[in-house]
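This report describes selected local features of one protein model. The sequence and structure are shown first.

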Amino acid sequence: MKKKFFITTAIDYANGRPHLGHAYEKVLTDVVARYRRMTGDEVHFLTGIDEHGQKVTQTAKAQGKSPEELTNEVAPLFVDLCKTLLISNDDFIRTSETRHTDVVRSILQDLHDRGDIYKARYNGYYSVRQEQFVLEKERVNGEWPEIYGEVVEIEEENYFFRLGKYQDWLVSFLRENEFVFPLFRQKQVTEFLKEPVNDLCISRPVERLSWGIRLPFDEDFVTYVWFDALINYISAVGYGTERFGEYWPCDYHVIGKDILVPAHAVYWPIMLKAIGVPLPKSLLVHGWWHTGGAKLSKSSGVSIDPFEISKAFGPDALRFFLTREMNVGQDSDFTMELFLSRYNADLANNYGNLVNRLLNLSGRHLKDGLAAATVDGDPEHEVRALWEKTREDILRLYEGFQFHTALERIFQFITALNRYAEIRAPWKLAKSDNPDDRAVLETSLAVIAEGVRLATVAVIPVMPGVAERVLGLLREEVPPTWEGQFDWGNRLEGRTFGERAILFPRPG
RNA sequence: GCCAGAGUAGCUCAGUGGUAGAGCAGAGGACUCAUAAGCCUUUGGUCGGCGGUUCAAAUCCGCCCUCUGGCACCA
């Protein structure tokens, strides 16, 4: 059995509506997933939501609902986000499902049996208003910040997971392995581990927090939400059953930089180590979108809401922008001005318009479908040479998560097709009766068509919806993999293309 | 404070030793199949600052400045 390429997003915390950050992580992961499918991997793509914990409880309470009612409302929003953005996830897990809670409980029991979980007294300062412990270091001039309200010193018993026991192991693991991409993020982890890590408090007394998974060995406590949430990565793929080995170890956990340390780079590897499960192969850590405040969205009339943008410009346009503009791992700005600039320049004017030109010209001048390319002059040669270079580049760039550069190269190629069209100017040749001119006209349309096909196929991971539409107009099936797809050829010969179409209408 | 990332044309960025680049925006032009799109030409930068190494530095070294993020639980 061939092991699947297993990739996950972080599961989103179910106490609010999906926003751009959620959308980005899904899109990024989806681009990787679709890319791997195109290279022939069998992919398993997992996403979901994290439902337990205090903040969900608080949010629910504030809305006069039970936690279950809240998460049952929120879950469909995230499922809908995936649908809206053409996310190709194979599974969507909710941490309230029994397939998850059962595994969490069995792991807790396992760790308890092994002696890696122990009970101890915890003494600390507790904010009644915020319903959380606050740290001594948060004190400003000996006073607690206003937002905490009354802070009282309390003592309670809790269960702890022996993180510290595994610190040395983790440090040496990170010294010997490239675990985090981009690599500079791994240094942040190493930095964090220079200080001794405390054992992790993994329980909350039921009287203080009831919305969670009960500890199997002490029903008076629920499981701390991070400990619960991380386990989704294995509970969703049958941890403890036969099929687990088809998925695990995970190839990439795609996460935001904010949850790298300590959750994914410290808690999670140690949890896995403690229960004897191999670590995931890599963490793919992305940056954040800065959205520049509300005034930008107000002035343009479209707010930076993934659903609204998707509705106004199409999911592919949003996916394109998020992938084109973000250097994976860095932060980036999202403004409507930048978005519109990309949309107009790259999608509407460059790509969309080229497709429209091709469809119009071939509909008008090719009564028997696309003719053969019989002329082989310098312009044809240059286009093909550029394609050969482009295909090499983009495969390498996709592989290295350099999606923004890959798209840049693809669009440079599209620009070259527009230039080629000007050089051959088939609309001028159409006015001639000379058979030589006719041959050049037919050739030029064959070259543009093949170029459009190649560029479109290359962009499938990023814009699957548009790719399907364009290939459909070229009377071409969407290929399941890239096998043989990047070879310049004449497969479109004889086809009668669809009616001219505006792929990316220019806004208002 | 510590760690990291970033400081290059109006904007977004590429460029790790050899005469400053791209895209977008701006300006001009020829064309017209096309979403007034495309194509050609073009304005524009003392490469954050100071010093050093070198025949030669945006690129290496040192010091400094600014912005952003992380430093125990918010994509």
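The sections below cover strand pairing, salt bridges, one residue environment and one pocket.

## Basis of the model

The structure is a predicted model. Local features are reported for residues with pLDDT of at least 70, and side-chain atom pairs count only at pLDDT 80 or more.

## Strand pairing around β12

Strand β12 spans residues 218-223 and pairs with β10, residues 203-205. The two strands run antiparallel and are joined by three bridges. Within this pairing, Pro205 has Phe221 of β12 as its bridge partner.

Strand β12 also pairs with β11, residues 214-215, again in the antiparallel sense, over two bridges. Leu215 stands opposite Asp218 of β12. The connection from β11 to β12 is a hairpin through two residues.

## Salt bridges

Over the whole structure, 35 salt bridges are found. Two of them are described here, and a further one is treated with helix α15 below.

Asp41 and Arg36 form a salt bridge through their side chains, with an N to O distance of 2.8 Å. Asp41 has a relative accessible area of 22% and is therefore partly exposed. Arg36, at 18%, counts as buried because the limit for that class is under 20%.

Asp251 and Lys281 form a salt bridge with an N to O distance of 2.9 Å. Asp251 lies in the loop between α9 (244-247) and β13 (252-256), and Lys281 lies in the loop between α10 (260-274) and β14 (283-286), so the pair ties together parts that are 30 residues apart in sequence. The accessibility of the partners is 9% for Asp251, which is buried, and 43% for Lys281, which is partly exposed.

## Helix α15: Lys389, Asp393 and Leu397

Lys389 and Asp393 are both in helix α15, four residues apart, which is about one turn of the helix. Their closest N and O atoms are 2.9 Å apart, in a salt bridge. Lys389 counts as partly exposed at 47% relative accessibility, whereas Asp393 counts as buried at 5%. Salt bridges with shared partners join Lys389 and Asp393 with Arg396 and Arg409 into one network.

Leu397 is also located in α15, which covers residues 378-399. Leu397 counts as buried, with 7% relative accessibility. Which residues does Leu397 contact, leaving aside its neighbours within four places in sequence? These are Gln402, Phe403, Thr405, Ala406 and Arg409. Arg409 thus appears both among the contacts of Leu397 and in the salt-bridge network with Lys389, Asp393 and Arg396. Leu361 is 36 residues from Leu397 along the chain, and the C-alpha atoms of Leu397 and Leu361 are separated by 33 Å.

## The second largest pocket

The second largest pocket has a volume of about 180 Å³. Its lining consists of 17 residues, and those nearest the centre of the pocket are Ala373, Ala446, Trp488, Gly489 and Asn490. Helices α15 and α18 (435-458) are the elements that give two or more residues to this lining. The largest share, three residues, comes from α18.

By class, the lining of the second largest pocket comprises nine nonpolar, six charged and two polar residues. Helix α15 therefore recurs in this report: α15 holds Leu397, contains Lys389 and Asp393, and is among the elements that line the second largest pocket.

Methods: Residues are numbered from 1 along each chain as its sequence is written. Chains are lettered from A and ligands numbered from 1 in the order in which they are written. Side-chain values use heavy atoms; hydrogens and water are left out. Buried means under 20% relative accessible area, exposed over 50%, partly exposed in between (1.4 Å probe, protein chains only). Contact means heavy atoms within 4.5 Å. Two strands pair if DSSP finds at least two bridges between them. A salt bridge is a side-chain nitrogen of Lys or Arg within 4 Å of a carboxyl oxygen of Asp or Glu. On a 1 Å grid over the protein atoms alone, a cavity is a set of points where a 1.4 Å probe fits but cannot get out, and a pocket is an open set with protein on both sides within 12 Å along at least five of seven lines; lining residues have an atom within 4 Å of a point. Grid points are joined across faces, edges and corners, and a volume is the space filled by probe spheres set on the points. Ala, Val, Leu, Ile, Met, Phe, Trp, Tyr, Cys and Pro count as nonpolar, Asp, Glu, Lys and Arg as charged, and the others, Gly among them, as polar.
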